[in-house]
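This briefing introduces a structure to a reader who has not met it before. Please look over the sequence and the model shown below, then read the notes that follow.

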Amino acid sequence: MILEIKSLTAGYGSGPSILQNINLCLHENEIVTIIGPNGAGKSTILKSIFGLTDVRAGKIIHGSRDITHLKTDQIIRSGIAMVTQGKNIFPDLTVEENLEMGAFTRRDTSEIQKRKQEVFSFFPVLEKFKSKKTGILSGGERQMVAIGMSLMLAPEVLMLDEPSIGLAPKVMQEVFSKIQEIKNAGTAILMVEQNAAKALEISDRGYVLELGKNALEGSGKNLLKNPRVGELYLGKSK
Amino acid sequence: MSELVAQLIWNGLVTGALIALVALGLTLIYGVAGFIQFAHGEMVALGAYSFMVMHKLVGWDIFPSAFAAVCFIIIVGLLFEKVFFRPVRDADPMIPLVISIGLSIGLQALILIFWGPNILTISDTSFRSLSLFGGKILATPSQIWAVILSLLLMIGTTIFLHKTKIGKSLRAVASNRNVAEVFGINVDTSMTWIFGVGAGLAAISGIFLGFEQNLEPMMGVIIAIKAFSAVILGAVGSVRGAIIGAFLIGLSESLLVGLGIIPSGFTAAIPFVILIGMLLLKPEGLFGKRFQSLRQ
């Protein structure tokens with residue numbers, strides 16, 4: 001197991017606990033998707049792992065290390081990266097600078113150069129636009145920049161918050177197939193996705209979250225077949 | 001070109017260079033911290049006054065005095081960031097803006113308390129003007145230094161922002177602070193850098209300004225207004241825009257008044273006229289993107 005969440009309760013500041021007693025795990029070579037209605041706390045799980053919420057109870061274990069109360073930069077150094085939702089790039093910086101900033105916590109310049117070339121060969125369109133301001137790119141290209149920035153860290157775990165949001169169906173398909181490629185290259189993926197059907201198709205396992213609590217858990221295929229999931233999140237009738 | 005015009009252009013370049021150093025700091029602080037630092041002009045004034053203290057009262061030579069004054073102002077700038085602006089960093093940008101207005105008034109009062117309302121001077125008779133370009137232009141050594149050094153500082157700042165890791169991270173924080181945090185860029189450190197660089201540039205401008213004019217408590221406000229106009233003229237948040245805006249203001253002041261087009265009593269109105277005209281005709285600035293917010 002590469003990442004394990006045990007009885008996690010978390011919220012923001014002095015506000016109420018958004019997550020209550022959440023349990024979740026992620027194995028090597030796995031894509032796990034968290035689905036659930038708006039406000040269920042899906043993104044809050046990713047943010048908690050990344051040290052961006054106030055964890056009130058429970059533990060987050062990465063490998064054999066307890067990362068529950070580490071700071072974001074320490075968590076990045078431990079091998080976890082996150083692609084946040086929506087505005088997740090630096091629009092005023094060039095594509096190449098965006099990638100360099102992705103590797104901000106890394107010191108080894110030759111390693112950074114090497115990773116940059118790897119990201120360029122993984123997303124050839126980014127190499128074409130490397131000297132262009134990222135703000136002028138299309139939504140799909142910007143999402144690739146955002147994922148590329150995280151890949152600069154060569155993470156063991158990549159967390160993606162709504163990677164398909166705002167993308168055209170064809171571009172979405174492309175992003176999902178890239179996510180599968182990233183997994184095949186050896187990075188475990190933990191993803192939150194509104195488009196549950198598409199996401200579960202490529203997922204090994206999935207969790208359904210309701211009002212900050214675990215509701216259902218299972219393999220991607222089984223969750224897709226589950227009538228309750230179908231009714232709630234996939235838009236199918238009974 | 002007549003000698004008068006050449007001389008006026010030179011004077012305009014000197015003024016423009018000094019405005020540009022202030023405008024550069026103002027636009028950088030706006031870009032990274034997200035508010036207009038109204039007390040930035042007082043950093044210029046404090047720079048001039050502390051240089052005067054070191055040079056005329058303590059009696060140090062020009063270079064050690066300048067170095068000490070710049071260091072002192074950088075420390076003051078860093079302290080201001082830590083004490084006044086850091087606690088309200090995530091608040092509405094109006095709050096740090098109002099704090100900075102308060103700081104500006106407070107610092108003017110401090111200058112009045114310590115040095116009184118009377119004007120003071122730095123320059124003495126040992127600074128003789130040199131003639132450049134076959135006698136077409138008369139320039140003091142401090143003016144030549146001001147133009148050369150500010151050009152170097154502007155180029156240096158641009159290189160710093162675009163070629164160094166820290167510089168790029170400052171632009172990243174300006175572009176999207178949330179993402180910067182997600183990738184482990186320390187926003188505290190970025191603020192320290194930007195306020196330090198801004199204060200240092202303001203202090204250098206203040207020292208040179210002290211050779212050009214008298215020291216008086218309101219000197220900071222006057223140059224800050226010009227720098228503020230330059231920043232808006234160029235496009236708020238844009239480095240290139242602020243520098244070009246500063247030289248445009250310096251040159252138009254010098255030429256319009258020097259050639260008798262505008263009576264000298266109206267000199268102070270020129271930046272405002274340019275500012276209002278710009279806001280009416282092209283509110284996004286010379287280098288701004290139309291209808292696009294500069295910050296996310």
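**A serine in its surroundings**

Beyond its neighbours within four places in sequence, B:S142 is in contact with B:F208, B:F211 and B:E212. The model described here is predicted. The notes below start from B:S142, turn to helix α6 of chain B, and then take up chain B and its contacts with chain A.

**B:S142**
- Helix α5 of chain B, which covers residues 141-163, contains B:S142.
- Because buried means under 20% relative accessible area, B:S142, with a relative accessibility of 12%, counts as buried.

**Helix α6 of chain B**
- Helix α6 of chain B, residues 165-175, is mostly covered, as nine of its eleven residues are buried.
- Among these buried residues are B:K168 and B:R171, together with B:G167, B:L170 and B:V173.
- Within chain B, the buried residues of α6(B) pack against α1 (3-33), α5, α7 (177-182) and α8 (187-212).
- Those buried residues of α6(B) also pack against α3 (95-102) of chain A.

**Overall form of chain B**
- Chain B contains eleven helices and two strands.
- In sequence order, these elements of chain B follow the pattern α-α-α-α-β-β-α-α-α-α-α-α-α.
- The radius of gyration of chain B is 19 Å, close to the 19 Å given by the globule rule for 296 residues, so chain B is as compact as a globular protein of that length.
- The C-alpha trace of chain B spans about 60 × 45 × 35 Å along its principal axes.
- When contacts in chain B between residues at least 6 apart in sequence are considered, 74% join residues at least 24 apart.

**Burial, surface and charge in chain B**
- Of the 296 residues in chain B, 50% count as buried.
- The area exposed by chain B is about 13300 Å², and carbon and sulfur atoms supply 72% of it.
- Chain B has 17 positive and 13 negative charges, and the mean positions of the two sets are 11 Å apart.

**Where chain A meets chain B**
- In the contact between the two chains, 25 residues of chain A meet 18 residues of chain B.
- Together, chain A and chain B bury about 1800 Å² between them, with 62% of this area on carbon and sulfur atoms.
- Of the area that chain A buries against chain B, A:F90, A:M101 and A:F104 supply 31%, more than any other three residues.

Key:
Residues numbered from 1 in each chain as written. Chains lettered and ligands numbered in written order. Predicted model: local features only at pLDDT ≥ 70, side-chain atom pairs only at ≥ 80, totals over all residues. Heavy atoms only, no water. Helix = DSSP H or I, 4+ residues; strand = E, 2+ residues; numbered from the N terminus. Rg over C-alpha atoms; globule rule 2.2 N^0.38 Å. Buried < 20%, exposed > 50% of the residue type's maximum accessible area, 1.4 Å probe, protein only. Contact = heavy atoms within 4.5 Å. Areas by Shrake-Rupley, 256 points an atom, 1.4 Å probe, with all protein chains shown as cover. Lys, Arg positive; Asp, Glu negative; His and termini not counted. Charge placed at Lys NZ, Arg CZ, Asp CG, Glu CD. Buried area = accessible area lost by both parts, 1.4 Å probe.
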